[in-house]
Amino acid sequence: MFPVAKRTLPILDAYFLGSIRYAIGTVIFVALLWATEGRAALRYGRRLVPAALFGVFGFTGFNVLVWLGLTYTRPEHAAIIMSLQTPLTAIAVWLTRGLRPARFTIFCIACAIGGVLLVVTRGEPAAALAAQSSSALLGDLLVFLGALSWVIYTMAGGYFTGWSPLRMTVLTCIPGAIGLITVNALMVWAGVSHWPGIDAVLSAKWQIVYFSLFTVVLGVLCFNAGVKFLGALNTMLMLNLVPVMVFAIEAWLGRAFSAVEIAGAAVVIGALAANNLYLRRRAIFAAAA
């Protein structure tokens, strides 16, 4: 997703990219839900407010912040920052449910954050803070806020018990898509965003198909199903494959990485994997006791 988006943003800006992919994706989602669970499944009941709030955080916030951030930063940096969703989830559970992470988990969180800082600053914080790097750091910050928005959305599962993953996805995606279109309209009105020409849209038609079908419909639906069946932690662990794939794709496209960037990425992935294995082992011992 990140390498393709980085090369699509010069054609479709962050606001139109998010609006188009979710306008198409939401129509497909609604059709799928109607066909599999009936028209009644499209009713919110008393859950309209939480569905709207989580949808705006997860879909509107994530898309606007990540795509806008990716305009300024590099795909591999965005992918590494997104890996912080695992420790951010642990911190969110701590703050909202009072479940303090184990000391080893806190240590792994610190290592992961340190690894991300290595990647985004390339081991030279002073140079990264220089004027010529300020836009890249702004992009990294926006991507981080987008990752935080998705963590908030990940916590939504407990509010929609009784709903299938498809129903939860669709009924949160609808207000999220409306939020994206609203933000896009406001940016056009403010002169920040501009309507793309027909030729521009047609030149990115295959990217739009990819984003709508694979990153929206299949990606979000499978992610929510994964959270339901594997739990948030294990699902987030699988997302550690994202930076690995992004680094591989960028290398294949000719990108050269510094040793510090590779070391930082290894620290992040290693810390998150170690924490997951630790928690699994602790759960086995607890069940045996």
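Start by selecting Y22, F59, F62, W150 and Y153: ring pairs link them into a cluster. Rings of Phe, Tyr and Trp (its six-membered ring) pair if their centres lie within 6.5 Å; planes under 30 degrees apart count as stacked, over 60 as edge-to-face and the rest as tilted.

Before going on, note that this is a predicted model, where local features need pLDDT of at least 70, side-chain atom pairs count only at pLDDT 80 or more, and totals for chains, interfaces and linings use all residues. Residues are numbered from 1 along each chain as its sequence is written, and side-chain values use heavy atoms, with hydrogens and water left out.

**Stop 1: aromatic pairs**

The structure holds 13 aromatic pairs. Select F54 and F160. Their ring centres are 6.2 Å apart and their planes stand at 75°, so this pair is edge-to-face. The pair links distant parts of the chain. F54 sits in helix α3 (residues 48-72), while F160 is in the loop between α8 (134-154) and α9 (165-189), 106 residues apart. Helices here are DSSP runs (H or I, at least four residues), numbered from the N terminus. Are F54 and F160 buried or exposed? Both are buried. Buried means under 20% relative accessible area, exposed over 50%, and partly exposed in between (1.4 Å probe, protein chains only).

Now select F62 and W150. This pair is tilted, with 5.5 Å centre to centre and 55° between the planes. F62 belongs to helix α3 and W150 to helix α8, 88 residues apart. Both residues are buried.

**Stop 2: helix α5**

Select residues 85-97. What span should these 13 residues have at 1.5 Å a residue? The expected span is 1.5 Å times one less than the number of residues. That gives 18 Å, and the end C-alpha atoms are 17 Å apart, which agrees. Colour the buried residues of α5: Q85, T86, P87, L88, T89, A92 and V93. Then step to G98, just after α5, which takes a positive phi of about 75°.

**Stop 3: a nonpolar patch**

Show the surface and select F229, L230, M238, L241, M245, I249, W252 and L253. They make a nonpolar surface patch of about 930 Å². Patch residues have over 30% relative accessible area and no salt bridge, and nonpolar side chains are joined within 5 Å. Two elements, α11 (205-230) and α13 (241-252), give two or more residues each. The largest share, four residues, comes from α13.

Finish on W252, in helix α13. W252 counts as exposed because its relative accessibility is 72%.

How values were computed. Patch = residues over 30% accessible without salt bridge, like charges linked within 9 Å, V, L, I, M, F, W, Y side chains within 5 Å. Areas by Shrake-Rupley, 256 points an atom, 1.4 Å probe, with all protein chains shown as cover. Salt bridge = Lys/Arg side-chain N within 4 Å of Asp/Glu carboxyl O.
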